[in-house]
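Here's a quick walk through a protein model, written for someone who would rather look at rings, strands and contacts than at a page of statistics. Have the structure open while you read.

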Amino acid sequence: MAAAEVVREAQSLREKLDTWNYQYYVLDQPSVPDVEYDRAMLRLREIEQAHPELASDDSPTRRVGGEVLQQFGQVSHEVPMLSLDNAFSAEDMLSFNRRLLERLGDPGGELEYACEPKLDGIAVSLLYRDGVLQRGATRGDGNSGEDITHNVRTIRSIPLRLHGDDYPHLLEVRGEIYMPREGFERMNAAARERGEKTFVNPRNAAAGSLRQLDPKVTASRPLQMYCYGVGLVQGGELPARHSQVLERLGDWGLRVNGDTAVVQGIQACAEYYEGLAARRDALPYDIDGIVFKVNELALQQELGFVSRAPRWAIARKFPAQEELTRLLGVEFQVGRTGAITPVARLDPVFVGGVTVSNATLHNADEIERLDVRVGDTVIVRRAGDVIPQVVSVLRERRPRGARRIVFPATCPVCDSPLERAEGEAVWRCMGGLVCAAQQKAAIRHFASRRAMDIDGLGDKLVEQLVDAGMVDNVAGLYQLTQAQLAALERMGEKSAANLVAALEASKQTSLPRFIYALGIREVGEATALNLARHFGSWEKLCAAREEALLEVPDVGPVVADHLVQFFDSASSMAVVRQLRAAGVRWPDLEISADAQPLAGQTWVVTGKLEALTRDEAKAALQGLGAKVAGSVSAKTTAVAAGPGAGSKLARARELDIEVIDEQALLDLLAQHGVAP
C-alpha cells in the first residue's frame with residue numbers, strides 16, 4: 001500500500017493538473033509554463049505506475065487514451081437528443097415568435113431568449129455520476145448513439161471530474177465537439193508534409209477524430225467542446241433559466257461559449273444574429289447559424305415539443321453560400337414512392353464547407369424554368385447548409401454544343417411508364433414493387449425501427465439482396481435462409497443467424513406498425529395508428545372506400561385516394577398476402593363505444609420501462625384515446641414513470657400531477673383490454 005505522504009502527493013498533483021487544465025483549456029488563461037505542467041504530469045505517472053491502486057479513472061494521466069477498441073458500443077439516451085427546426089429569414093423568426101406567444105396566450109408579449117452560436121461540429125452527451133465522467137456518446141439518431149467514452153476522455157476541455165460539490169448525483173451534459181480553425185489548418189499542414197490525405201473541413205475532421213478506435217489518435221487531434229444544455233438530471237436542482245444553467249455548468253468546470261447572450265424580444269434576436277453574422281469569418285471556429293431558445297425553463301415545459309423538435313427553440317441558419325461550377329451530366333433517381341428526381345453531376349466545388357459534386361434539380365418543371373443544359377456554368381447553393389441545389393445558369397457562358405436535358409419517358413431503373421398526377425410537379429414510376437429502386441427503398445422503410453424493426457438489415461445489405469435477385473419485395477425477406485445470407489459478402493454465420501432470428505421476431509407485430517411499414521404514400525405513423533384504431537382490423541381497412549376513409553382523423557382526400565389505390569393494386573395486395581402467408585401477424589384492435597376511455601387526457605411516459613418499450617407504451621395509451629406528450633405541464637393528466645425518471649418526474653410532483661409506475665400502467669392497459 002502507498003504511504004500516506006504518497007497518497008497526499010498524488011492527490012495534490014491531480015488537483016494542480018486539473019486546475020491548470022481548466023485555466024488553459026476552458027478559461028484560456030494559462031497560469032504555469034508548459035515545463036511545470038509536464039513535470040507534474042511525469043511525477044503523477046511515476047506514482048501511479050508504482051502504486052496502481054492510486055490510478056483512478058478521473059486521473060489526468062488517463063487522457064492520453066487506453067486500449068485500442070474493436071468497435072463502438074451503442075448507448076441509449078435516457079432523454080432523447082432532439083433536433084431543431086430551422087429558420088432561414090427574419091420572417092421565419094417572426095412566425096416562430098408569434099406561434100410561441102399565441103400558444104402561451106400572450107400574443108402581445110415579449111419573450112426572453114437565450115442566443116447561442118450554432119457550432120458546426122458533432123453533438124455529444126456526457127454523463128457524470130457524483131461528479132465523475134462515466135460516459136460519452138454521440139447524438140446518433142436522437143434515441144441512441146455510439147459509446148465514445150474512451151475518446152472524449154482525451155479532450156482536455158472536458159473535465160474528468162466536475163469542480164465544486166453542489167452538482168446533481170446524475171448529470172447529463174449536452175454539447176458540441178468541434179475542431180478550431182487554427183488546429184484544423186495546423187493538422188492539415190502536417191498531413192500534407194507527410195504526404196497524407198487531408199480533411200475537407202473542420203467538421204469532418206472532428207467527426208473522424210471522434211470515431212477513431214484508437215483513443216491515442218483522438219488524443220493527438222486538436223478537439224474542443226462547448227456545452228449548450230443538459231439532459232438527464234437526478235438528485236439535484238438546476239436554476240430556473242437556461243442561461244443560468246449554462247453559468248452553473250461553467251462553475252462546475254465545463255466549457256461554455258462566451259458569445260452566448262440573453263436578449264428580450266424577437267427584435268433583439270435579429271440584432272444578435274446580424275452582429276454575430278458580421279463576425280462569423282473572424283471567429284476561431286465554424287458556425288452555421290444561431291440557436292435561439294426560450295430562456296425560462298418553465299415556459300419551455302409549457303411549450304413542449306412537436307415531432308422530434310422542441311417548440312421553444314429554433315436555429316436560424318446563415319444565408320446559403322454559393323459557388324460557380326460546371327454541369328457535367330444529369331442522372332435520374334427513383335425514390336420509395338416512385339418519384340423521379342433529376343440529380344446534377346457537377347465539376348466538384350467547395351460550397352458552404354463541403355465539396356459538392358451532386359445537386360438536386362428537383363423536377364422537370366425546374367429544369368425548364370432554369371433552362372439548364374449539360375455543359376452550362378451554374379450557380380450551386382447549399383440550401384439551408386444541407387441540400388446542394390442548382391439555383392441559376394450563366395447563359396452568357398453557355399458553350400457550343402451544350403445539350404438539352406431530356407426527361408425520361410420511362411423509369412430509368414425498370415422501364416415502367418411514368419405518370420404525373422394532376423396538380424403535382426413530380427413524375428412517378430408506375431412499376432411499384434417491381435421496380436428495383438423502389439424495392440430497395442421500400443425494404444429499407446419496411447425494416448426500419450418504427451416499422452417492422454428488423455435489426456441488422458442495413459442499407460448495404462438491402463442493396464446486396466436486391467441486386468443479387470434474392471429479394472424483390474418485402475415479403476421475400478421472410479424466405480431468406482441462414483445459408484443464403486451467410487454466403488453474402490461480409491456476412492458470416494453469426495450475422496446471418498442473428499438476421500434470421502430478427503426476421504422471425506418481427507413477424508409478431510401490431511396493426512399500426514404493419515400499416516406504416518407498407519409505405520403507402522402519405523401514411524405516416526400517426527395516420528397508421530388512426531386507421532388501425534378506426535377500423536380495428538386489416539380486412540375492414542382494405543375493404544373501406546373513400547367515404548369511410550375520410551371519417552378517420554388525419555385522413556383527407558389525398559391520403560384516402562392513396563389508400564384506395566394501394567388496396568386496388570393487385571401487386572400490392574399480393575405482397576400483403578405473401579407476408580401473412582409467411583407468418584406476419586398482429587392482433588386486431590377491439591372497437592367499441594368505450595374504446596377511447598382516455599380521450600381528452602394527456603399522458604407523459606418517462607424513465608426506463610421493463611415489460612414494454614416507451615414507444616409501445618405510447619402506442620397503447622394512444623390506442624385508448626390519450627394524447628402522449630413529450631413534456632410535463634399543467635395540462636398533463638398523469639405520468640407513467642419507470643426507473644431513471646428525472647426532470648419530468650420532478651416536474652410532475654411539483655405540479656401535483658398523478659404519477660404511476662409501470663405495473664400500474666400495465667394494469668390500466670389490461671383493464672381496458674389493451675395488450676401492448
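What follows covers the aromatic pairs, the nonpolar core, the sheets and two loop residues. Keep in mind that this is a predicted model.

**Aromatic rings**

Let's start with the rings: the structure holds 13 aromatic pairs. A pair of this kind is described by the distance of the ring centres and the angle of the planes. Take tyrosine 226 and tyrosine 285: the centres are 5.9 Å apart and the planes sit at 75°, so this pair counts as edge-to-face. Tyrosine 226 belongs to strand S8 (residues 224-234), while tyrosine 285 is in the loop between helix H9 (266-279) and strand S10 (287-294), so the pair ties together parts that are 59 residues apart in sequence. Both are tucked away: tyrosine 226 is buried with a relative accessible area of 13%, and tyrosine 285 is buried with 2%.

A second edge-to-face pair joins phenylalanine 514 and tryptophan 538, at 5.6 Å centre to centre and 85° between the planes. This pair links distant parts of the chain, with phenylalanine 514 in helix H16 (residues 511-517) and tryptophan 538 in helix H18 (residues 538-543), 24 residues apart. Phenylalanine 514 and tryptophan 538 are both buried.

Two arginines also put their charged ends over tyrosine rings. Here they are next to each other:

| Arginine | Ring below the charged end | Distance to ring centre |
|---|---|---|
| Arginine 255 | Tyrosine 226 | 4.1 Å |
| Arginine 316 | Tyrosine 273 | 3.7 Å |

So tyrosine 226 turns up twice, as a partner of tyrosine 285 and under the charged end of arginine 255.

**Tryptophan 538 and the core**

Which residues touch the most other members of the largest nonpolar core? They are Ile454, Leu477 and Trp538, in a core of 57 residues. Helix H20 (residues 557-568) gives the most to this core, with 6 residues. Trp538 is also part of a cluster linked by ring pairs, together with Phe514, Phe566, Phe567 and Trp586. Beyond its close sequence neighbours (up to four places away), tryptophan 538 touches a long list of residues, including Leu511, Ile515, Leu518, Met573, Val576, Arg580 and Asp588.

**The sheets**

One open sheet has 5 strands in the order S2-S13-S10-S3-S9, with mixed pairing. Its edge strands are S2 (86-87) and S9 (261-264), and each pairs on one side only. S2 runs parallel to strand S13 (residues 313-317), with 2 bridges between them. Here alanine 87 stands opposite arginine 316 in S13, and arginine 316 is the residue whose charged end sits over tyrosine 273. Helix H9 packs on this sheet, touching strand S3 (112-119), S9, S10 and S13, and its direction makes about 160° with that of S10.

Another open sheet is antiparallel, with 4 strands in the order S5-S4-S7-S8. Strand S5 (132-138) and S8 are at the edges with a single partner strand each, so one side of each has no neighbour in the sheet. From one strand to the next, the twist averages 25°. Strands S4 (residues 122-129) and S7 (residues 170-178) are joined by 8 bridges and run antiparallel; alanine 123 has glutamate 176 in S7 as its bridge partner. Two helices lie across this sheet's strands: H6 (residues 202-210) crosses S4 and S7 at about 40° to S4, and H8 (residues 242-251) crosses S7 and S8 at about 110° to S8.

Further along, strands S14 (residues 322-334) and S15 (residues 340-351) run antiparallel, joined by 7 bridges. Glutamate 331 has valine 343 in S15 as its bridge partner. This hairpin has 5 residues between the strands, and glycine 338 takes a positive phi near 90°. S15 also pairs with strand S16 (residues 354-360), antiparallel over 6 bridges, and phenylalanine 350 stands opposite threonine 355 in S16.

**Two loop residues**

Is leucine 609 buried or exposed? Leucine 609 is buried, with a relative accessible area of 9%, and its place is in the loop between strand S23 (602-606) and helix H22 (614-623). Apart from neighbours within four places in sequence, leucine 609 is in contact with Arg614, Ala617, Gly642 and Glu662.

Serine 416 lies in the loop between strand S20 (403-404) and strand S21 (418-419). Serine 416 is buried too, at 11% relative accessible area. Leaving out residues up to four places away in sequence, serine 416 touches Thr410, Cys411, Cys429, Met430 and Gly431.

Notes. Residues numbered from 1 in each chain as written. Predicted model: local features only at pLDDT ≥ 70, side-chain atom pairs only at ≥ 80, totals over all residues. Heavy atoms only, no water. Phe/Tyr/Trp six-rings, centres within 6.5 Å; stacked < 30°, edge-to-face > 60°. Buried < 20%, exposed > 50% of the residue type's maximum accessible area, 1.4 Å probe, protein only. Lys NZ or Arg CZ within 6 Å of the ring centre and 35° of its normal. Pairing = 2+ DSSP bridges. Contact = heavy atoms within 4.5 Å. Axes fitted to C-alpha atoms, helices over the stretch in contact; angles between N-to-C directions. Core = buried A, V, L, I, M, F, W, Y, C linked by side-chain atoms within 4.5 Å.
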